Amino acid sequence: MIDVKETYIPGTSGQWEHFAMTFTYFGGRYAAFDCEPEQLKNIRLHAISSAKEGAGSFYCDDERLMQIYDLVEKAVEANMVSVHTDCPTIERFAWQEENHLMAPAIMYMKQVKAHWEKFLKDTRLAQHTAGDWFNTIDGGKYYPGDGLIPSQAPCYIPNVLPVPGLGDFYNVIGWGSAIIMGTYWHYMFYGDEKIIRDNYEAGKRYLEFLKTMVTEEGFINHGLGDWGNPAGEYARENVETAFLFADAKLMAMFAGILGYEEDAAAFSVYRDLVCKNYNDRLLGRDPDSGKYGYRVWDKKDAFVMTQAAQAMPLYWGMVPESKKADVVESFRKTLEEAGCLKTGEVAQPYIIQTMAACGMNELLCRMILKEEHPSYYAFVLAGETTLGEYWEENPRSHCHDMMGHIVEWYYNDMAGIRPLAPGFKKVLIKPYLPPSVSRLECTYDSASGPIHVCVTRTDRGIKLDEEAAEGIEVITDESNLV
């Protein structure tokens, strides 16, 4: 815990004075006052946030799941103050990865359309030109590169020095890709093509920059990989090159939406080249199971598979159709062998969403409700009121939202509300009721109007009630309600 303090010196003896901080705020669960009791009266502590307006509400009758939801929501509120901070107690830096990894979870909970427009504008303004440079320790100049997007935006303390074993904290594809992926999520939730037009050129320049970072083997490997992984399984080449594929895929989509046919074709060709190389070099047979799976590139001595290495190509559609069933089984194997979410913040949303897509919701429920780390419920049992930074009992920060992706699953899998068209003009309602839940109720106030889902377990079976605003096309699928 880091102690912070504010010192106030009264100006007039014998008279009550009013004081309130104006230019800063502190994060913490408690406040202590070092003075005589008679010197204080009418003390009020305010919780401030730029994301207090709700978009969704979720309830289920498993108290443990609601406690997890509350942890994440409070962490989100505490970390959205003008910028999307990494923590209100230590850094308050605007690290960019959360602006796409956590985007759907936050967009289901909060009304943040304008927030993401502002965050993306910050990102565009931070993007480098060819002439930008920094002084180096030896008196030389360091040129980040035309199109590079720093990992923080705004960025006040550029960290451009390589970190041994971790690459460069200033230049990380999982962070810079917020300019593309944050745009994608804004478009899917709010359906406004303007967000694509506003960020298209910045995304195009960033993808061109990324091409300069590709190794001879066809990988990106200069960043943090699956940052926060409790076993240190960062799998940088696997994770970061999957982002390279996804960036090209989304830019091809954006170009098509805007009618830039030549760009769309070029992005598609590059996407396919990245995918072919990825599969040629990483997809092979697990010698233990005989099933196809993705090996971790930097583990040269053995065929090592991780949860992240299977989930990300499955999520982004990189797996050849003929090998998909095998890769799903390899993914399941990595989960069952670990018995937990063995993941950092970067791969975690893809692992959670891929588990749900592959029919592993019950396994996921058991993992998030484990009583020891890595587990969301372990934070609850430890007495935390917001989400910790890492999967550990006493993390460096006790108020991070960077691993709160599970809330996306609450909305799009438990409640089953999924957009099939931008702005939720067309939605899929496909809920899942965990064995420990008898009733769940969820409302999401989408860009196209409110959507309400209620699922109840009775002696006669499971009943689904749904309602959506006029004009929203709804497709219902009850196949998960068994």
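**Cavities, a pocket and an enclosed helix**

The lining of the second largest cavity comprises 5 nonpolar and 3 polar residues, with no charged residues. This cavity belongs to a predicted model, and its volume is about 40 Å³. Its walls are formed by Trp95, Ser151, Gln152, Cys155, Ile157, Asn159, Phe169 and Tyr170.

In total, 3 cavities of 30 Å³ or more are present in the structure. The largest cavity has a volume of about 70 Å³. Its lining consists of His100, Leu101, Pro104, Trp185, Tyr315, Trp316, Pro349, Tyr350, Gln353 and Glu408, which divide by class into 7 nonpolar, 2 polar and 1 charged. Helices α2 (98–101) and α12 each contribute at least two residues to this lining, and the largest share, 3 residues, is that of α12.

Attention can now pass from cavities to pockets. The second largest pocket has a volume of about 540 Å³. It is lined by 21 residues, of which Tyr184, Trp185, Tyr315, Gln353 and Arg418 are the closest to its centre. Trp185, Tyr315 and Gln353 also appear in the lining of the largest cavity. By class, 14 residues of the pocket lining are nonpolar, 3 are polar and 4 are charged. Several elements take part: α3 (103–109), α6 (178–190), α8 (236–258), α10 (307–315), α12 (348–357), α15 and the strand β10 (417–419) each provide at least two lining residues. The most comes from α6, with 4 residues.

Helix α15, one of these contributors, deserves a closer look. It spans residues 406–414, and 9 of its 9 residues are buried, so the helix is largely enclosed by the rest of the structure. The buried residues include charged Glu408 and Asp413, along with the aromatic residues Trp409, Tyr410 and Tyr411. Beyond the helix comes Gly416, with a positive phi near 75 degrees.

Aromatic pairing links α15 to a remote part of the chain. Of the 33 aromatic pairs found in the whole structure, one joins Tyr69 and Tyr411, whose ring centres are 6.3 Å apart with planes at 40 degrees, so this pair is tilted. Because Tyr69 lies in helix α1 (residues 63–79) and Tyr411 in helix α15, the pair ties together parts that are 342 residues apart in sequence. Both Tyr69 and Tyr411 are buried. Trp227 and Tyr234 form another aromatic pair, this one stacked, at 6.4 Å centre to centre and with 20 degrees between the planes. Trp227 has 17% relative accessibility and therefore counts as buried, whereas Tyr234, at 28%, counts as partly exposed.

Two further buried residues complete the picture. His222 is located in the loop between α7 (194–211) and α8. Its relative accessibility of 12% falls under the 20% limit, so His222 counts as buried. The His222 side chain makes a polar contact with the side chain of Asn171, at 3.3 Å. Asn238, for its part, sits in helix α8 and is buried, with a relative accessible area of 0%. When neighbours within four places in sequence are left aside, the contacts of Asn238 are with Tyr278, Leu282, Arg295, Val296, Trp297 and Ala309.

Note on methods:
Residues are numbered from 1 along each chain as its sequence is written. This is a predicted model: local features need pLDDT of at least 70, side-chain atom pairs count only at pLDDT 80 or more; totals for chains, interfaces and linings use all residues. Side-chain values use heavy atoms; hydrogens and water are left out. Buried means under 20% relative accessible area, exposed over 50%, partly exposed in between (1.4 Å probe, protein chains only). On a 1 Å grid over the protein atoms alone, a cavity is a set of points where a 1.4 Å probe fits but cannot get out, and a pocket is an open set with protein on both sides within 12 Å along at least five of seven lines; lining residues have an atom within 4 Å of a point. Grid points are joined across faces, edges and corners, and a volume is the space filled by probe spheres set on the points. A polar contact is a pair of N or O atoms within 3.5 Å; within protein, one must be able to donate a hydrogen and the other to accept it, and residues adjacent in sequence count only if both atoms are side-chain atoms. Contact means heavy atoms within 4.5 Å. Rings of Phe, Tyr and Trp (its six-membered ring) pair if their centres lie within 6.5 Å; planes under 30 degrees apart count as stacked, over 60 as edge-to-face and the rest as tilted.
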